Every structure is written in structure tokens, then in C-alpha cells.
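Open the model in your viewer and set it to cartoon. Keep a selection box ready. The stops below tell you what to pick next.

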Amino acid sequence: IYTEKLKIYLRHFSFKETEELKEIVSSAEMNIPEVFPLQEFEVRGQATVAGNFLILHISTQLNAQLECCICTQTSSFPISLNNYCISTELEKCDSTIFYFGKELQDALLLEIPIAFECNQGNCPERKLIQKYLKSNP
């Protein structure tokens, strides 16, 4: 196994060989700059070949810029993947190169909350809409 910028080159690997991953990636390269404005982040983990499968465990952390659902101001929200698992059958790889950028992109986007409120859930403008919200029994 050999790695390069979210690509894993499968060549002359042995059973259960493990390769350490550590790459600096730009959000522009991931094609997600609208949520993760131009920033670089580290992707680290391991790639292992087990039987007919390529298994990756990756971790990363970056900040998303999200709009508050109450005041509509943009705020930073930390997104992290810890030991996220990606697996694929070696037979399904188009060539001897496996690009895991799409899987990483999907995993990051799935971590974005549906409704985001600034100030860690305490938007200062919440009091203006409180009368329209259901109260907790």
C-alpha cells in the first residue's frame, strides 16, 4: 500500500499490511468550500488490507461555518471524525488506486447538524422568538 493525497495505491501488499495515513488537505480540494471555507486540515489514520477488503480508519477535525437558525449569523462549529471506518472490496476498485475523498466528504457533511444555533445553543435573539416556541411540559 502506498498513499498520496487521499489516494491509496494498492501494490504488492501482503495480508494484513497496515499503512499509516497522515495528509494535509484543503477544503477546496474536497469540493466543500461553502461549508468549510478555505482551510487546511489534517487527515490521519490507517489503511489495512484484510482478505479481499481495503479498510480505512480515519480521523480529522475542522470548523464548519454555519448559519444560526434563529439570528442567521454565521458562526463556527467544530466537526470531527474519530476513527471513522471506510471499507471497500478490492475487486470493486477501478484500478490499483482507491481515492477516498468522496467518502471523506460524505462523512464530514453527515456531521453537520440539521438545525444550528450560535453561542453553543444560546442565541441572544432566542428571547425574541420564545413566545412562538412550544414550551416544555
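Strands come up first, and two strands pair if DSSP finds at least two bridges between them. Helices (H or I, at least four residues) and strands (E, at least two) are DSSP runs, numbered from the N terminus. The model is predicted: local features need pLDDT of at least 70, side-chain atom pairs count only at pLDDT 80 or more, and totals for chains, interfaces and linings use all residues. Residues are numbered from 1 along each chain as its sequence is written, and side-chain values use heavy atoms, with hydrogens and water left out.

**Stop 1: the whole chain**

Colour by secondary structure. You should find three helices and seven strands. Along the sequence the pattern reads β-β-β-β-β-β-β-α-α-α. Now colour by accessibility. Buried means under 20% relative accessible area, exposed over 50%, and partly exposed in between (1.4 Å probe, protein chains only). Of the 137 residues, 37% are buried. A contact means heavy atoms within 4.5 Å. Among contacts with a separation of 6 or more, 58% are between residues 24 or more positions apart.

**Stop 2: S3, S4 and S5**

Select residues 18-26 and 40-50, which are strands S3 and S4. They run antiparallel, joined by nine bridges. Zoom to Val25: Phe41 in S4 stands opposite.

Add residues 53-67, strand S5. S4 and S5 are also antiparallel, with eight bridges between them. Here Gln46 stands opposite His57 in S5. Follow the hairpin of S4 and S5, where two residues lie between the strands. Which phi does Gly51 take in this hairpin? Gly51 has a positive phi near 65°.

**Stop 3: a salt-bridge network**

Show side chains for Lys22, Glu42 and Arg44. These residues are linked in a network of salt bridges. A salt bridge is a side-chain nitrogen of Lys or Arg within 4 Å of a carboxyl oxygen of Asp or Glu. Glu42 meets Lys22 at 3.7 Å, N to O. Glu42 lies in S4 and Lys22 in S3, so the pair ties together parts that are 20 residues apart in sequence. Glu42 also bridges to Arg44, with the closest N and O atoms 4.0 Å apart.

Check accessibility across the network. Lys22 is exposed, at 65%. Glu42 is partly exposed at 26%, and Arg44 is partly exposed at 34%.

Next, select Glu117 and Arg126. Their closest N and O atoms are 2.7 Å apart, in another salt bridge. Glu117 is buried at 13%, while Arg126 is partly exposed at 28%. The protein has four salt bridges by this rule.

**Stop 4: helix H1**

Select residues 101-110, helix H1. Its buried residues are Gly101, Leu104, Gln105, Ala107 and Leu108. Why do they sit on the same side of H1? They cover an arc of only 165° around the axis, taken from the directions from the helix axis to the C-beta atoms. An α-helix has 3.6 residues a turn, so residues three or four places apart point the same way. The buried residues of H1 pack against S4, S5, strand S6 (74-89) and strand S7 (97-99).

**Stop 5: the cores**

A nonpolar core is a set of buried Ala, Val, Leu, Ile, Met, Phe, Trp, Tyr and Cys residues joined through side-chain atoms within 4.5 Å. The largest one has 30 residues. Display Phe36, Phe41, Leu54, Leu56, Phe100, Leu104 and Leu108 as spheres: they have the most contacts inside this core. S3, S4, S5, S6 and H1 each supply at least two of its residues. S5 gives the largest share, six residues.

Apart from this core lies another, of five residues, among them Cys68, Ile70, Cys118 and Cys123.

**Stop 6: cysteines and Ser75**

Stay with Cys68, which is buried at 1% relative accessibility. How many disulfides does the rule give? The count is zero, where a disulfide is a pair of cysteine sulfur atoms within 2.5 Å. The closest cysteine sulfur to that of Cys68 is in Cys118, 3.7 Å away, too far for a bond. Cys85 is partly exposed, at 41%.

Finish on Ser75 in strand S6. Ser75 counts as buried, at 19%. Leaving out residues up to four places away in sequence, Ser75 touches Ala64, Gln65, Leu66, Phe116 and Cys118.
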